[in-house]
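Colleague: Can you put the model up? I have a few questions about how the chains are built and packed.

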Amino acid sequence: MPDRDETIVRHGGMKRLTDDVRILVVEDEALIADLVISGLEEARYGVATAQDAEAAIAMLEEDDAALRAVVTDINLAAGGLTGWDVARRARELVADFPVIYMSGASTSEWTANGVPNSLIIAKPFAIGQIVTAVSQLLNKASAIVPD
Amino acid sequence: MPTTLPVRNLEEANLLAQAIVNTIPEPFLVLDADLRVLEASRSFYEIFKVDPAETQGCLLYALGHGQWDIPALRVLLETILPDRVAMDGFEVDHEFPAIGHRIMLLNARKVLYDESDTMAILLAFRDVTERRAIEHEKAALLERSEELRRQNEVLLEEMRHRVANSLQIIASILLLKARAVSSDETRFHLQDAHQRVMSVAAVQQHLDMTDGIDQIEVGIYLDKLCAGLGTSMIGDDQPVVITVASDTGMIPSAKAVSLGLIVTELIINALKYAFPDHRDQAAIAVRYTIDQDDWTLIVSDNGVGKAADKPPKADGGLGTTIVAALAKQLDAQVTMATGPAGFAVTVARVAAATPLLRAA
């Protein structure tokens, strides 16, 4: 059973890192991407988007300093690279890069394919779950890495 | 206690041995040290379609136009047996000219005599062709069913993925529309519809995690459902604590869907109407109790309660209608209570009392 005190802190008094932080959203379904983008922008995060894994990896490689986290779908295109590959590449570039997977599949695959210290949000999700997850990982990252 | 065979001389012993050989239903040969056939059983002649005249005294490998000149049999008789007294279950897979493909299990035994340097070899055959065919068929069937099971798993996983993705798209459309519309009432309805989609999805996710089991633990389910509602519905401006207290028990998934939707409606209702002004320690409590076949669900809040002269709700009481319909489906009664401490809705299923028999 979740800790209710923790729940209220998460819902009521969440501290958000914003402004100069850019989140990479990787989703091939435009409507889902729109929802995630609008939620993150509403929480005052900057957002960059990619529709497939190849484009996402190119953005991470070109622009890894400006991107601070990735929120990625897993099955992005039949036969192509997946969200698992995007996250692996992100971690190759930056060892503790915050990773959030959005998945319609069972979470058991996450154990086998996910990068360590990542989060997985099961579809369908409420946009608040994504914003909370992003905030959690960024807070954690800023606590570990001193400015 | 040792017994003695009823033989008085060598001739009688031979007769008995021959009778034994002919009684055994499986093909059987007695060979000398040079692998010549001394004796063959009746079943040997019948099964391998050879006659005694061309069998007795012949070299085993020359029998039946060389049909026993089998490399595996040579290994048994010339390599394995000289080093051992016996060998059981030696498998020979061979195409016999007269009877076709056969798989034989061979048992071989050396018989050594104390006062002589001669030796005999007993060779028994068991035809396991049919047995092996059945075993192969069984293994192929098992492999096929395992393959089908794997395919089903992949299909199920794919279906889960598609259902989840489709629900996410529907939820996204509703929420994006809700944000775009200018009418408060329309926004209100779209947000409601979004939340109902999420509630059905919460049931689906929970059922997926139970891996196809049609019964789910009610306490864990309600807890997760309410946590999800809290995440998506409670904003920063009015924190609300949702607590769940439930008896432990399993419920069928169909009931879980209805129960989950009732809880969703009642929580949405409380979040909308119970706290019109900011209130510290705003809380919604969900309680589920089980008494044998009966159960009671109470969703209460510590908000403003429901005023008797309150105007009709913007949704035209849709939430109430949904709760009433779902409760009816569960064969349960809905009662509401309001007071200074807040508002509570009780949904209870109480089995009908057994009718009393009346005397005429």
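What follows is a short exchange on chain A, one helix pair and the nonpolar cores.

Colleague: Before we start, what kind of model is this?
Modeller: This is a predicted model.

Colleague: Chain A, then. How many helices and strands in its secondary structure?
Modeller: Chain A has six helices and five strands. Read from the N terminus, the order is α-β-α-β-α-β-α-β-α-β-α.

Colleague: What share of chain A is buried?
Modeller: Of the 147 residues in chain A, 41% are buried.

Colleague: And how many of its contacts join residues at least 24 apart?
Modeller: Taking contacts in chain A between residues at least 6 apart in sequence, 64% of them join residues at least 24 apart.

Colleague: Switching to helices. At what angle do α2(A) and α5(B) pack?
Modeller: About 50 degrees, with the axes 8 Å apart. Here α2 covers residues 30-42 of chain A, and α5 covers residues 129-180 of chain B.

Colleague: What do you call that arrangement of α2(A) and α5(B)?
Modeller: Oblique, because the angle is about 50 degrees and falls outside the ranges for roughly parallel, antiparallel and perpendicular.

Colleague: Is the crossing left-handed or right-handed?
Modeller: The crossing of α2(A) and α5(B) is left-handed.

Colleague: Which residues make the contact?
Modeller: From α2(A), they are L31(A), I32(A), D34(A), L35(A) and S38(A). From α5(B), they are Q168(B), I169(B), S172(B), I173(B), L175(B), L176(B) and R179(B). By class, that contact has seven nonpolar, three polar and two charged residues.

Colleague: Now the cores. How many residues are in the largest nonpolar core?
Modeller: It has 87 residues. Those with the most contacts inside this core are L24(A), V70(A), V71(A), V134(A), I262(B), V263(B) and I267(B).

Colleague: Which helix gives the largest share of this core?
Modeller: Helix α8 of chain B, residues 253-273, with nine residues.

Colleague: What is I262(B) in contact with, leaving aside its neighbours in sequence?
Modeller: Beyond four places in sequence, I262(B) is in contact with L297(B), V323(B), L326(B), A327(B) and V347(B).

Colleague: And L259(B), buried or exposed?
Modeller: L259(B), which sits in helix α8 of chain B, is buried because 24 other C-beta atoms lie within 10 Å, and the cut-off is 20 or more. L259(B) and A327(B) are 68 residues apart in sequence, but their C-alpha atoms are 8.2 Å apart in space.

Colleague: Which residues are in the second core?
Modeller: That separate core has 18 residues, including F28(B), I70(B), L106(B) and L123(B).

Technical notes:
Residues numbered from 1 in each chain as written. Chains lettered and ligands numbered in written order. Predicted model: local features only at pLDDT ≥ 70, side-chain atom pairs only at ≥ 80, totals over all residues. Core = buried A, V, L, I, M, F, W, Y, C linked by C-beta atoms within 7 Å. Buried ≥ 20, exposed ≤ 12 C-beta atoms within 10 Å, placed from the backbone. Helix = DSSP H or I, 4+ residues; strand = E, 2+ residues; numbered from the N terminus. Contact = placed C-beta atoms within 7 Å. Axes fitted to C-alpha atoms, helices over the stretch in contact; angles between N-to-C directions. Parallel < 35°, antiparallel > 145°, perpendicular 65-115°, else oblique. Left-handed = near helix turned anticlockwise from the far one by under 90°. Nonpolar A, V, L, I, M, F, W, Y, C, P; charged D, E, K, R; others polar.
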